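User: I am new to this structure. Please show me how to read it.

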Amino acid sequence: MTQNPKPLRPRATPQLEFPLELHRLENPSRSGPLHNQLGEQLRQSILSGKLAAGTVLPSSRSLAHSLGISRNGVVLAFEELIAEGYLVGKRGSSTRVSSEAFHPVSSPAPVQPDRSRRWLAKPMPPRFADPDAGEFTLEFRLGRPDPWGVSLEDWRKIWRSVLRTPPANDYLDPQGYLPLREALSQYLGRSRGVSCLPEQMVITSGSIQSLDLLARAVLKPGDPVAIEEPCYRTARGVLETLGAKLIPISVDEDGLRVDLLPTGENAPLMLYCTPSHQYPLGSRLSMPRRAAMLEWAGQHDVLILEDDYDSEYRYNAAPLPALAGLSRLEQVAYLGTFSKVLSPALRLGYLVLPPALLEPILRQKRIVDFHSNQPTQQAMCEFVTSGMLEKHIWRMRRVYAHKREILREMLRPLLPWAKLGGLEAGLHAHLDLHPSLSAQKVQHMLAQRGIGVRIMDSSYYISNTVPRNAVLLGYGGLELADLRRGIGVLLEVLEGMLQESGSRI
Ligand SMILES: Cc1ncc(COP(=O)(O)O)c(C=O)c1O
């Protein structure tokens, strides 16, 4: 859902809540008469922009009362500023900052060259060069759900139920809204084969927060963590920020290469993976590899973080049970999210934890944000228990399957120069290019035509592996017309490049 809601217009200009420097008004003998001091402070505030044009000042009576000075002094200060054109107001009506005379000079404070800025010395997580949304007329953004996917009728219905009561006047349970955990534990049982109790679940503000909480609870700086390569870059950023030593493990068409996982003394403390739909290449971890991974984790006491971010959307492919459903949940932490199934703007996810991790995670959660947004949890509880979630998933599977078909049909003529992959599940695919077609050049040429795509560049790799020559195509968030237009331009670009090199489709 990318449409921005219109900001609500305030009914009336808010009244002034402005901290005047009272101490400077206390000693008239040193700093001049009180009304002069008050006038000067108001003048400076208007000139510096702290008091914006149109701001309504409190009445002279209430300002005098709150400053502990005579009403006369305030009236004098106001009259002086009205005469100078800083304020406007008539007797009997409110006094406001003039909307015409002043354009505050808002130049930032000059930079002090001698300041060390010690507080900026911490290394930042890597910054990935993503196409800038503002520059494109159309973008194949990864992992975005359909902008009109949610039925407005259902959406209103679930929120109506939340709006019956005001929000609680207290902090609530860090573990999350119990009825939502109950609803999700049942949903996970029937849809993902994960049998868990609501007591093992924690509601979070999305998978990235789930990962952050897990990493904070488990890792010390320098601890080894295995991660797929190519990888989900934000997960990498979280782990690196917390000091993890990352061990990249390559993936192929059957998912993570379990045979490459380090053993013995070299075994990592945790493994972060996306078995249902490897991010970004889209393969699914095969059943034999799932079994082998669980055996390896048990043998070496490794905690598996199973990020099941978009498994709801699979097409013509039988569901494979989650790792968390195949194990006794002692070695696997399961990360679920509403970001793909509904909207990333909800910021709502959930964790199913090995029992031993519950307490450490709850402590972290309390420190980080106490608990996730309660009204959103209530609304999502209604969404799940009413059956709307599953109805939505069924409907959206058809929508995404249609988009996927468009992608496949339109790009079919490019074979063998370009081949689509990662189509079995999720909201994006990748287009592997023949070595004569450089993905970087394709990205550049599309950008010149106003179209943004990501490519598999080195930012997806931790080792020095040469990046795959592929373009990533997020199709979930595009409307059909845009999808067709975007692929049409991609086709033209690729055809042009082939012609240039003397080849033809
Ligand atoms: C692999 C993966 N995991 C998780 C997420 C979503 O995280 P969150 O629930 O924090 O929105 C994404 C989003 O793109 C993702 O690609």
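User: Which residues come nearest to the ligand?

Analyst: A residue counts as near when one of its heavy atoms lies within 4 Å of the molecule. Here 13 residues surround the ligand, and Ser207, Asp307, Thr337, Ser339 and Lys340 come nearest. The model is predicted: local features need pLDDT of at least 70, side-chain atom pairs count only at pLDDT 80 or more, and totals for chains, interfaces and linings use all residues. Residues are numbered from 1 along each chain as its sequence is written, and side-chain values use heavy atoms, leaving out hydrogens and water.

User: What lies 2.6 Å from a nitrogen atom of the ligand?

Analyst: Look for polar contacts, pairs of N or O atoms within 3.5 Å. A polar side-chain atom of Asp307 sits at that distance from the nitrogen. Ser339 places a polar side-chain atom 2.6 Å from a ligand oxygen. Ser207 uses a backbone N or O atom, 2.7 Å from an oxygen of the ligand. The protein covers 93% of the 400 Å² of accessible area that the ligand has on its own (Shrake-Rupley method, 1.4 Å probe).

User: How many nonpolar, polar and charged residues form the shell around the ligand?

Analyst: Asp, Glu, Lys and Arg count as charged; Ala, Val, Leu, Ile, Met, Phe, Trp, Tyr, Cys and Pro as nonpolar; the others, Gly among them, as polar. The shell divides into 5 nonpolar, 5 polar and 3 charged residues.

User: Which residues line the second largest cavity?

Analyst: A cavity is a set of points, on a 1 Å grid over the protein atoms alone, where a 1.4 Å probe fits but cannot get out; lining residues have an atom within 4 Å of a point. Arg192, Ser276, Arg284, Arg290, Ser311, Arg314, Pro319, Leu320 and Ala425 line the second largest cavity. By class, that lining has 3 nonpolar, 2 polar and 4 charged residues.

Conventions. Polar contact = N/O pair within 3.5 Å; in protein donor to acceptor, adjacent residues only side chain to side chain. 1 Å grid on protein atoms, 1.4 Å probe; cavity = no way out; pocket = protein on both sides within 12 Å on 5 of 7 lines; lining within 4 Å.
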